[in-house]
Amino acid sequence: MNKDFIFRLDWTVILIYFSFLLIGIISIYSSTYEENNIIFFSSIVGKQILFCISSILIGILILNIKPGFFQQVSFIIYILSIISLIGLFLIGDTAAGSTSWYKIGTIKIQPSEFAKISTALMIASYFTNIQTDITKTNSLIKALLIILIPSILIISQRDPGSAIVFSSFILVFFREGLPIKYLFLIIVGLILFVLTLVLSIYLVFIIIILSVLVQYFFIKKYNSKTKFNKYFLLIIAGVTFCLSVNFIFNSVFEQRHRDRFNVILGITEDIKGVGYNINQSKIAIGSGGLIGKGFLQGTQTKGNFVPAQHTDYIFTNIAEEWGFIGSMVLILLFLILILRILDRGEKQKNIFNRVFIYCIASLITFHFIINIGMSLGLLPTIGIPLPFISYGGSSMLSFSILIFLYLNFDVNRFNQW
Amino acid sequence: MKKNYYLKILLVLVTIIFVFRLITLQLINPYYKSLSENNALIELPVFPERGYIYDRNGDILVSNKPGYDLMIIPENTSEFDTLELKNLLKLSYEDLKFRINKARTFSNKKPSVIISEISKENHATLQEKLWKYPGFYIQKKSLRYYPNPIASNILGYLSEVNENDLKKDYYYKSGELIGRQGIEKFYEKYLRGLKGKSFFQKDRYNRIIGSFENGKYDIKSKEANNLILTIDAKLQEYGEKLLKNKRGGIVAIEPKSGEILALISAPNYNPSLLVGRGRSINYKELLNDSISKPLFDRCLQAQYSPGSPFKLLNGLIALQEKVIQPKNKVVCNKGHFYAKNAFMECHCKIGTRNSLVSAIYKSCNTYFAKTFNKIINSKASPSDGLDTWKKHLNSFGLGDYLGYDLPIGKSGFIPDSDYYNNLYNKGGWKAPTIISNSIGQGEILVTPIQMANFTAVIANRGYYITPHFLKSINGNTDLKPFEKKVSTIDSLNFEPIISGMEKVVENGTAKIAKISGIEVCGKTGTVENFTLIKGKKTQLTDHSIFVAFAPKNNPKIAIAVYIENGFWGSRWAAPIASLMIEKRLNKSTKRKWLENRMINGSLINEYFKPYSKKDFKINE
């Protein structure tokens, strides 16, 4: 590593990365704090520090690898990753209902975290293929398959939260040319999904039919040649979608998943039972006020009112003890980080690098939105960590690898043509 | 438009939504903030130790003792040796199981009482073995303690606050104790002090996990005050002994100061009965005892006819109204006709000529009936006469609550013209109609404390200080002074009455009350009384009454003694009053024979007569 190399590193991202590690360690320390804990490195925060150190070491290793290498091994890595997911069925360790871990001694490894990296590599690699044209159905299906294979495996291991994350790669497809109408389709699909759960299904049918008819007559006014057939198909598709949502929700989802949606959508308000997490989370965040209660002073934190506070609900600790100001700092840091990655990624001439960096940004964005949205009570409980901050070795390592890969690709931008 | 803008727009939009959400949660909506204070913190009261109560000589009447409750947190228990535990606790196996199950049903995580108020000895042995039983622990609490169980009627008792108290005073929280009766009630605010607050951090199972910010927000409790009462514990105890197996009351007042030296009501109860665990059961028992009514304070709440001591007041009023001269004599022929065919008996011999003084020491009915007649007829109409009479009596504190510092009492009754106008139509009554009032029978009603108080007025030659129990708070005697009330009778007019009272003891109706070396002035009374048995008005044995003060000059004690159905004044009341005076002034008594007779004497048979459902003789 020469001086030039160090100089060209994206120090903004490095700085943000290290502040996240620090924020994470402080918050984990606070939310798992107990008065008389003596053995530091066996404590949760001690482990987190070890994770950070090993992540940084592995990161430095990554910085020293030539970027082209990753493109070359992306397919192999992807296959290995799929195999590791399949292997879970045989020798996986089950915890909290999900069979998501390999247990080697005291170390637990979550292959789904690393599948994110391999899938991102695979997608990037796929887009370098000259024949790939995402506007074509053929290519789109292939691209979707890359995402679907690991996510279906993860879903069948009963870890839907981690699987949902893979849908963030669809954002990359839009960047790479997927027509905007699909985005609208997704949005309409989401709206219909929510409506189906909130309202009676027949009411949703009426809404679909009316809105399609209005659109039909509106367009017919300008273009009398418009055929009704297309719109009829639209209605059929909408109704089918609603029916399948209804079916999936009531027959495929487990009660705990249904509850999570019901609470968010205000269908049930059971603050002692299923709504407990979200309610306690809101209380903790709300009690922080403008400047927060201060380090180790969070009453909700001390009382362990918020479950899983050092992992998925880490944001509540930050919001309670550091208040609105602390929360804003965290959110803005994420915003800066992602925008920075996107902008620098856009400058990449190499398609593989660009798509991969875009995948990184999408992944972080998705985690950020879902995790904080969940803590704020805006989204249903989906158990995914807040990148760099939540406790967890696999998550820490995989996001660190992603960041260091970004740094590698970014610093080597001028070397590759 | 560059295509990566989708993600950027999404990101910025979401960030804006997050910021708005944070603003509403953290900055605008105080709901979540207050809720946080509630569900993560628990505020526990810190009680100052309740104030002690001392007598006038510094003897402790009420203090506190620790009580030990055996508590359980069912969640923390593990398998244990029930056999040993049940033996330790002296419970049956079923009982122990029942108590543990009850605690478990209440809450698995919160503490419940298994046994309250374990004795000190049991506590020690239990404490030693308790390590074997995780989930069990001993909790200390403070209970009222009566080293000498006397004066329960004065001291009163504590009980848990009820709905009413909670509504009236926000200071109290459900389950706390409040002074329910007596001094405990009247001086509740001094005795309780002010409780403080301690904040503790809870976890989500409602378990306390430590103090909140090292007690930074705790509010210190304010110490309670110790009270010193005017009661002389030795005198009180002695009086209670004298009234054993009798019913009635003794009230002793220091005339100069209005300080109540003793207030004995019999039958009484042991104040320790109304402490802690047994309180509610014992209270019910006391309350249900409708025959001896131990919770009924006969000194303050019982209204009796005053009887012959009331003649003193009639004499005073007559002197003040100048309708009699002390020297002028009145003839008594074993009584007199106060109206046509209406004869009032008297125990004077035929042809007795009584001056005021001799009329008092012989307790001549004729003399005072005629005197009363003169008072009523001294004004334009009997109504005016009667109202003047009443006005004088009111100045002695009769017919009204005296304003002493206990929460209970009765006003007694002094009739006025309106009362008789109602009863007999206007103009339908004259002095002879209401002549019974002259000798303290009639419609007048007084309480024993009022009797003692008017005796104090006589002792003071014309005034009284509102009788009271509080001498000082925390040794600070600089209290708001109790009101001095001057009677409408000139002090000179008291002398002939006092001479009469002196003679009563010297060679009149109460020679038994004589104490060598002390000039006792007194007046006996024998009061007819009636009760309803099966709807029939039945006469019972007379009440025995005595009022007295001593010494004659510079009186130190004024006393009224009321012994229900004690027959005549000098039989019970006079000796008891005399012994009380001796005890107070000489600190000890010499007449052991009299003392023993009084202590051992019992009127229980007399009290059972009305309940015997048989015919019975009275005044035997």
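Colleague: Before we start, when do two strands count as paired here?
Modeller: Two strands pair if DSSP finds at least two bridges between them. Keep in mind that this is a predicted model.

Colleague: OK, so how many bridges join β2 of chain A to β3(A)?
Modeller: Three bridges link β2(A), residues 98–104, with β3(A), and the two run antiparallel. Within that pairing, A:Tyr102 sits opposite A:Ile109 of β3(A).

Colleague: And what's the strand order in the sheet?
Modeller: It's an open sheet of three strands in chain A, ordered β1-β2-β3, with antiparallel pairing. The edges are β1 (93–95) and β3 (107–109) of chain A, each pairing on one side only. On average, neighbouring strands in this sheet are turned by 50° against each other, direction ignored.

Colleague: Switching to helices: at what angle do α5 and α6 of chain A pack?
Modeller: About 170°, with the axes of α5 (111–128) and α6 (137–156) of chain A 9 Å apart. An angle over 145 counts as roughly antiparallel, so α5(A) is roughly antiparallel to α6(A).

Colleague: Which residues meet there?
Modeller: Among them are A:Ala115, A:Met122 and A:Ile123 from α5(A), and A:Ile146, A:Ile147 and A:Pro150 from α6(A). By class, this contact has nine nonpolar, two polar and no charged residues.

Colleague: Now the A–B contact: how many residues does each chain put in?
Modeller: Chain A puts in 37 residues and chain B 28.

Colleague: Which element of chain B gives the most?
Modeller: α1(B), with 13 residues on the side touching chain A. α1 (5–28), α2 (30–40) and β8 (196–202) of chain B each supply at least two.

Colleague: What's the class mix on that side?
Modeller: The side of chain B that touches chain A has 14 nonpolar, seven polar and seven charged residues.

Note on methods: Residues numbered from 1 in each chain as written. Chains lettered and ligands numbered in written order. Predicted model: local features only at pLDDT ≥ 70, side-chain atom pairs only at ≥ 80, totals over all residues. Helix = DSSP H or I, 4+ residues; strand = E, 2+ residues; numbered from the N terminus. Axes fitted to C-alpha atoms, helices over the stretch in contact; angles between N-to-C directions. Contact = placed C-beta atoms within 7 Å. Nonpolar A, V, L, I, M, F, W, Y, C, P; charged D, E, K, R; others polar. Parallel < 35°, antiparallel > 145°, perpendicular 65-115°, else oblique.
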